[in-house]
Structures are given as structure tokens and as C-alpha cells.
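Please look through the sequence and the structure shown below, and then follow this report on backbone angles, aromatic rings and cysteines.

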Amino acid sequence: MKHSVIFISMLILAVAGFAQSKKELNAMIVQKDAQIQELEKTTEELRKNNSHLLNGIDILKKKNLQLENDLKKEKETIDSQLATIKQLQKELAEAKEKAAKQPDYIITNPVTEEDSIVQFIQNYASVKSRDELLSMVYKPEVYGKYIPEEFTKSSVHFEIKRENLTIPGSNYKVGDKFHVRGLYNSNKINFLKDYYIFKTNEGFKCDWLANKGYNEITLSDYSEKKMTKPTVFRISINDIDDDNVFGNNYYLISGNSSFLYVQKNSAAGRRINQLFKESETSKIHPQIMVEIKGTYKTDIYGDSDYYLIINSIVKEDWFCE
């Protein structure tokens, strides 16, 4: 009986102990399950955060690549600018050297309109190539064809100074044209040089045809070939005299190294005589465009010969238009 009581007591204690352990285990399971859920939640957040970080890394990589490209471009720009600076420094040094050697009368920084005209003439007189000349010519697309392909500079060298130039008028507008005359000395010989200039939107331009006194055929060639076709020539009236070759009815005119005749009482004869008289005051020989016709005439002595006769005045200047 006593043993039975003891066994039952032990059994009760065992059952009580088992019940207590199961309760603790259930509590532990609940706790562990909560911990697992918390860890899973934290892990998911870490995964999301890791994904964000990876995206951020990709963005940073792209930005870094862009920055590297930008840096490369900046370096190329810097290298280019350094090269430009080096070139400008070289040009500046050359300009300073040139300026040191350049005479004081050469205008480099024009202040007035007159300065600009003088500078243009100085530059025009010093061109070194046909392309450079074309850039200074009025309407090169029209009149450039008259300039020989083989560019030759004048053999006469002189100093173009402001005091050598006679500049008419001022305040020129686009479309205006004017005639500048230069008086120079070379080897103790005085000579004239004319500059026919247009004011354009691009600045001053020269009338190359007028500056050269261009004619499609020279008067000497026209005369030597005994041509009779009426032809327009640019001539300079250097002198005019009475002449009795045709019974004192004609003026004898010297110009362009040729002797020309014009009937005194013709419109051309009267105007040429008037222009020459006016030039005696200004000391500037008239430069006009005339129609000339080679003609065979019999003089007062009955001799027939070839003469250059001025039929009419086409223009009272040498401008191409």
C-alpha cells in the first residue's frame, strides 16, 4: 500500500513536470516563431534595401561613366584652348614683331573714316596674292574675271602716307563711290596713282577696272591694228591743243600715251575742253570713258592717214558702273 502511494505520487509529479515542460516548449515555440517572423521581416527589408543599394550603385556607375566622359571632353576642350592660346600667343608675338618693324605712317587701328580709307589703300597696295586682291575688289563675282590668274605686283614701291592722298568728301554711305588720288615720289620722280573706291556693306572695296585704267584692248594695239570698230576706252586727258590737221576743226588730245582727236564744236569736244580747263585749277587730269573710232581722213594737205577720233563721252569717270 505504501509502495502504491509512492508510485502514484511519483506519477503525479511526472505528469505535472511533463505538463510544465510542454507549456514551456509551446511558449518557446511561440517565441521562436515570432523571432523567425521578425527575422524574415528584417531579411525582406534588408533585401529591399539591398536592391535599392544595387540600383543606387548602378546609377552611381552610370554617373561615374558620364563624369568620366565629361572629364574627357573637358580635357579635350582644355587641350584645344591651350593650342588656341599657343597659336594666339604666336600670332601676338609675330604682330608685335611686325609692329616694331612697321613704319609709323601705317594705320593699324583706324579711328576716323579717313583713317579707314587710308588703311584700306595701304592694304590694297600691299596685297600678296590674287585671292587677297579679290577679297578687296568690288563685286569680284562680276569683275574678278578681268584680273589675270597670274597675279603680279607693281614694280613701283612707294610709301602711302595720309599726306600723299587727296580724299574728297566724307561721311560716305553704303553705295557711295569716290575717287582718291595719290601723289608719290619714286626715284625723285613724282607720279600720280588713282584709287576708285566703293562703300559697301562689307566696308570699302576697290574698283579694280578703274584703278588699272582697264581697257579690253589698249589704244596702242587698236591703233597698230588700224581698227575701225567703235570701241569704249578709259582715257586720261593730259593735254589739249588746237590742231590744223583737219582745218583747225579738231582738238588734239594727249592721253594714255596716244594722240586723239575730237571735233571742237561737237558735244564731246566742248565738254572735254571744259573739263580740261577746270582741271587746270585742281591740277587733276580728267579721267573719262569715251567711244573712239579709228578713221581714215584726208588732211588739209591732201594726205590720207589713220586717226583716232573721239565720237562721244560715255562717262565722266572711270568707275565700272
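In this predicted model, Lys226 lies in the loop between helix H6 (219-224) and strand E5 (231-236), and its phi is near 50°, a positive value in a residue other than glycine. Most residues other than glycine have a negative phi. Lys226 has a relative accessible area of 38% and is therefore partly exposed. A positive phi, near 55°, is also found at Asn171, whose place is in the loop between strand E1 (165-166) and strand E2 (177-186). With a relative accessible area of 58%, Asn171 counts as exposed.

The next topic is the aromatic rings. A pair of aromatic rings is described by the distance of the centres and the angle of the planes. Searching the whole structure gives 18 aromatic pairs, and one of them is the stacked pair of Tyr196 and Trp318, with 6.2 Å from centre to centre and 20° between the planes. Because Tyr196 lies in strand E3 (residues 189-200) and Trp318 in the segment after strand E10 (304-315), this pair ties together parts that are 122 residues apart in sequence. Tyr196 also pairs with Phe319, where the centres are 4.9 Å apart and the planes stand at 90°, so this pair is edge-to-face. The pair of Tyr196 and Phe319 likewise links distant parts of the chain, strand E3 and the segment after E10, with the two positions 123 residues apart in sequence. Elsewhere in the account of ring pairs, Phe120, Tyr124, Tyr172, Phe178, Tyr195 and Phe204 are linked into a cluster.

How many disulfides does a search of the whole structure find? The search finds zero. A disulfide is a covalent bond between the sulfur atoms of two cysteines. Cys206 is in no disulfide, and the nearest cysteine sulfur, which belongs to Cys320, is 9.7 Å away. Because a disulfide needs two cysteine sulfur atoms within 2.5 Å, this distance does not qualify. Seen from the other side, Cys320 is in no disulfide either, its nearest cysteine sulfur being that of Cys206.

The table below collects the relative accessibility of the ring residues and cysteines discussed above.

| Residue | Relative accessibility | Class |
|---|---|---|
| Tyr196 | 1% | buried |
| Trp318 | 8% | buried |
| Phe319 | 5% | buried |
| Cys206 | 1% | buried |
| Cys320 | 18% | buried |

Cys320, at 18% relative accessibility, still counts as buried, because the class covers values under 20%.

Methods: Residues numbered from 1 in each chain as written. Predicted model: local features only at pLDDT ≥ 70, side-chain atom pairs only at ≥ 80, totals over all residues. Heavy atoms only, no water. Phe/Tyr/Trp six-rings, centres within 6.5 Å; stacked < 30°, edge-to-face > 60°. Helix = DSSP H or I, 4+ residues; strand = E, 2+ residues; numbered from the N terminus. Buried < 20%, exposed > 50% of the residue type's maximum accessible area, 1.4 Å probe, protein only.
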